[in-house]
Each structure stands twice: as structure tokens, then as C-alpha cells.
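Dear colleague,

I am passing on the structure below, together with some notes on what I found in it. Please read the notes with the structure open beside them.

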Amino acid sequence: MKPAPSPFIELENIEYFRFEEDFVEKNVRCIPMIVRFKMDEVCIKLKLSEWSKFSVEERIELAVMSCDNREEATAFKSYLVQLITKYTRSEPSAMEYNIAPDWANATALPQVLLEKLLEFDLVVSTEQWAALSNLQRFALLKLCKSGHENKNLPKALKEFGLG
């Protein structure tokens, strides 16, 4: 039985991808890329078991909150920490800050993506890579990670006009 559509698909204020509708694990929708992107920015890891405890309204709030400057990132992090503490009664897991993430370099495709593209017999030009949004580049790289369902990489590439 296919789960109901996510509450993010109809939101107009966020960048949400159609391929994310496939991300269901243990009957729980996975964390949308827009939220994962912001979590990377504030260096907090969130387990699916933690995410599943948040209300729909809290999840939507995390998705729509802006995280474009230091003040907004601080507010996002504070809200996320508050939710994690509220539902788990423990401190959030921290991750190391990446000062130069591969997705931020619009002038060169990362090696991990080039290798995955070869597996699928696909090509993405530097110009096409540069034309993507930061979140699109971030999503493609997340889809290349080991342990991730790489079946969604071709779906994402097609959705982004690259496949």
C-alpha cells in the first residue's frame, strides 16, 4: 500500500522534489532534502526515528523556515534542537561543518557524482551542473552516497532536466 502524499508536495514556499515522494522507510516519510540541507548548514544530524516523532506542523515549519543568513540559521538550529530535546529527552547529534561542500562548487562536478553517472550511462555537463540550484546539487550528491537508494538518482536527474 502506497502512503499518502507528503505534506510538503503542495507547499509553495519551499523547493521540494517529486522524486522525494518515494522516500518512505519503515512507514515513515524520510526527511525532505530542504530540511536535510538546512541541518547540514547548522551541523545537526537527525535520525529518522527522531523525525517521525515531530508533528506534521513541526516538520512543515522546519521545511519553510529560512536559513539563509546567520540569524536565520541560529533560529532554525534553536527550533530543531528544541524539537529533538522535547521528543527524545537527549541532546542532538552534531556533525562537522564542511566549509567547502562539493555541492557549492558550481564549476566542477564532484567525482562521486561522475562515478554514479557512469554507472547509469548518463552525462551532465559543467554548464548543466552550474545551472542547478544549491539544493538540487546537494540532493544529487546525497543520492550518490553509499547506502542510499541510487534508483532515485536517475529520477532526480530527469526531474532536474538532466536525464
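How many disulfides does the structure hold? In this predicted model, the number is 0. The reason lies in the distance between sulfur atoms: for Cys 30, the closest cysteine sulfur belongs to Cys 144 and is 17 Å away, which is too far for a bond, given that a disulfide needs the two sulfur atoms to be within 2.5 Å. Seen from the other end, the sulfur of Cys 144 has that of Cys 30 as its closest cysteine sulfur, again at 17 Å. As for their surroundings, Cys 30 is partly exposed, with a relative accessible area of 23%, whereas Cys 144 is buried, with a relative accessible area of 4%.

The next part concerns helix α4, which runs over residues 70–88. Its 19 residues, at 1.5 Å a residue, should span 27 Å, and the C-alpha atoms at its ends are 26 Å apart, which agrees with that expectation. Which residues of α4 are buried? They are Ala 73, Phe 76, Tyr 79, Leu 80, Leu 83 and Ile 84. Viewed down the helix axis, these buried residues fall within an arc of 135°, so they line one face of α4. In general, an α-helix has 3.6 residues a turn, so residues three or four places apart point the same way.

What covers this buried side includes α1 (33–42), β3 (44–45), α2 (48–51) and α3 (56–64), while the face of α4 turned away from the buried side carries the exposed residues Arg 70, Glu 71 and Thr 74. At the N-terminal end of α4, Asn 69 acts as a cap, with a side-chain oxygen lying 3.1 Å from the backbone nitrogen of Glu 71. After the helix comes Arg 89, whose phi is positive, near 55°.

Helix α8, made up of residues 152–159, can be read in a similar order, beginning with its buried residues, which are Asn 152, Leu 153, Ala 156 and Leu 157. Around the axis they cover an arc of only 140°, which puts them on the same side of α8. Where do these buried residues of α8 pack? They pack against α5 (111–119) and α7 (134–144). Following α8 is Gly 161, whose phi is positive, near 80°.

With best regards

Technical notes. Residues numbered from 1 in each chain as written. Predicted model: local features only at pLDDT ≥ 70, side-chain atom pairs only at ≥ 80, totals over all residues. Heavy atoms only, no water. Buried < 20%, exposed > 50% of the residue type's maximum accessible area, 1.4 Å probe, protein only. Helix = DSSP H or I, 4+ residues; strand = E, 2+ residues; numbered from the N terminus. Expected span 1.5 Å × (residues − 1). Arc of directions from axis to C-beta. Contact = heavy atoms within 4.5 Å. Polar contact = N/O pair within 3.5 Å; in protein donor to acceptor, adjacent residues only side chain to side chain.
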